[in-house]
Amino acid sequence: MLSAASIGIAFSEPGDDTEQLLRNADIAMYQAKDSGRNNFKFFHQAMHASLMEYHELERDIRKALELGQFHLAYQPKVNVHINQLQGLEALLRWNSPSRGPVNPNDFIPVAEESGHIIPLGYWVLDEVCRTINSWRENGLTPVPVSVNVSARQFQQPDFHRRIADVLHKHDIDPALIEIELTEGLMMEDTEAAQRELAQLKRIGLRISIDDFGTGYSCLSYLRRFPIDVLKIDRSFVKEIGTSRDGESIIDAIISLAKSLRLETVAEGVETPAQLNYLLDHGCHVVQGFLFGKPMEKHLIEPLLAALDQGGTDSTAVVRALKGFG
Ligand code: C2E
Ligand code: MG
Ligand code: MG
């Protein structure tokens, strides 16, 4: 097995003691590690500032978890072919009293790095189950909800068992829960990932690959893993009408999914032109601001009520979403 070295280099400044010097070299070493294998970095003061920022954010995430400051927003996924709400994606939101609303792209990487994503991830699933039950209690027909899962969560040895426990505790039909995983995660430890996915399928969950096309280029895992859905990344959808390359990638993903009998969902659909392109090319399930931004929990119940009343009226979904989004 090849070993990789990461080297941090620090020079003694006037007033620094040996301990400070070693700490600085350590900080530089961790930065070197972050930039990939076989790297070296010189320490500079900005590294210290970014480490302090990281620690503050890490501490605030831990406090927010204890104080219950996280909540979920739900974004609709619509099957435009049959005009039906296919499901909702649960998305973490954090409105910090001191920081204001914090972007998930800023706090989730820190939650992943620090390990807080593990309790936070179980909180997300727990909250989704509670919400589905509250719909049931209010006489509404529940819709499937997808939950994002990070590598750190998925790689826990008892991941599928803990998921099954949460579903069992809330008496939730596993068919109502979809797990969204990213491509990179499939490659980290192929055999273990394969076993874990098989267990999740056995429980009855649906598996979808998030941000498809942006991660690993080896596609053979698609044959080996029990996957149901490919989510076409927003970066390709954005290029519809402006770049033939982006469109070609979308066409390739749709035909790959078709031949492997997988579903496709397009992410980040914002314009009618993007929607028309996707429909013309065979992707009928879309998610994006065109149909609805992520909505607060209290807006979902009236939406489900409107859909229940709409029955089989084919335009009910679109009308309801326009009214509530
Ligand atoms: P994602 O899972 O790919 O989620 C889709 C992101 O695209 C969401 O960003 C959503 O608000 C945004 N989006 C949806 N439609 C549009 C659109 O039409 N235009 C544009 N510009 N954006 C759109 P958000 O909520 O900021 O989440 C960012 C990422 O954070 C997610 O990407 C996901 O990777 C991660 N994340 C969110 N919630 C969770 C969670 O509960 N657990 C984990 N592990 N990760 C999460
Ligand atoms: Mg997602
Ligand atoms: Mg995505």
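A residue is called buried when its relative accessible area is under 20%, exposed when this area is over 50%, and partly exposed in between. By this scale Asn148 is partly exposed, because its relative accessible area is 28%. The structure described here is a predicted model, and this report concerns its two magnesium ions and a few selected residues.

**The magnesium ion (ligand 2)**

Four residues coordinate the magnesium ion (ligand 2): Glu89 through OE, Asn148 through OD1, Glu180 through OE and Asp210 through OD, at 2.0 to 2.2 Å. Along the sequence, these donor residues follow the spacing E-x58-N-x31-E-x29-D. Distant parts of the chain are linked by the pair Glu89 and Asn148, which are 59 residues apart. Glu89 belongs to strand S4 (residues 84-96), and Asn148 to strand S6 (residues 145-148). Glu89 has a relative accessibility of 4% and therefore counts as buried.

**The magnesium ion (ligand 3)**

For the magnesium ion (ligand 3), the protein donors are Asp210 (OD), Asp211 (OD), Glu267 (OE) and Glu267 (OE), at 2.0 to 2.6 Å from the ion. The donor residues are spaced D-D-x55-E in sequence. Asp210 forms a bridge between the magnesium ion (ligand 2) and the magnesium ion (ligand 3), and the two ions lie 4.1 Å apart. This bridging residue, Asp210, is buried because its relative accessible area is 7%. Asp211 is partly exposed, with a relative accessible area of 27%.

**Accessibility of selected residues**

The table lists accessibility values for residues discussed in this report.

| Residue | Relative accessibility | Class |
|---|---|---|
| Glu89 | 4% | buried |
| Asn148 | 28% | partly exposed |
| Asp210 | 7% | buried |
| Asp211 | 27% | partly exposed |
| Asp245 | 60% | exposed |
| Thr264 | 10% | buried |

**Thr264 and Asp245**

Thr264 is part of strand S10 (residues 263-266). With a relative accessibility of 10%, Thr264 is classed as buried, because the limit for that class is under 20%. Leaving aside residues up to four places away in sequence, Thr264 is in contact with Leu230, Ile232, Ile253, Ile254, Ala257, Gly282, Cys283 and Val285.

Asp245 is located in helix H11 (residues 244-259). Its relative accessibility of 60% places Asp245 among exposed residues, because that class begins over 50%. Between the C-alpha atoms of Asp245 and Ser12 there is a separation of 51 Å, and these residues are 233 residues apart along the chain.

Methods:
Residues are numbered from 1 along each chain as its sequence is written. Chains are lettered from A and ligands numbered from 1 in the order in which they are written. This is a predicted model: local features need pLDDT of at least 70, side-chain atom pairs count only at pLDDT 80 or more; totals for chains, interfaces and linings use all residues. Side-chain values use heavy atoms; hydrogens and water are left out. Helices (H or I, at least four residues) and strands (E, at least two) are DSSP runs, numbered from the N terminus. Buried means under 20% relative accessible area, exposed over 50%, partly exposed in between (1.4 Å probe, protein chains only). Contact means heavy atoms within 4.5 Å. Donors are N, O and S atoms within 2.8 Å of the metal (3.2 Å for Na, K and Ca); water is not among the atoms, so sites may look incomplete.
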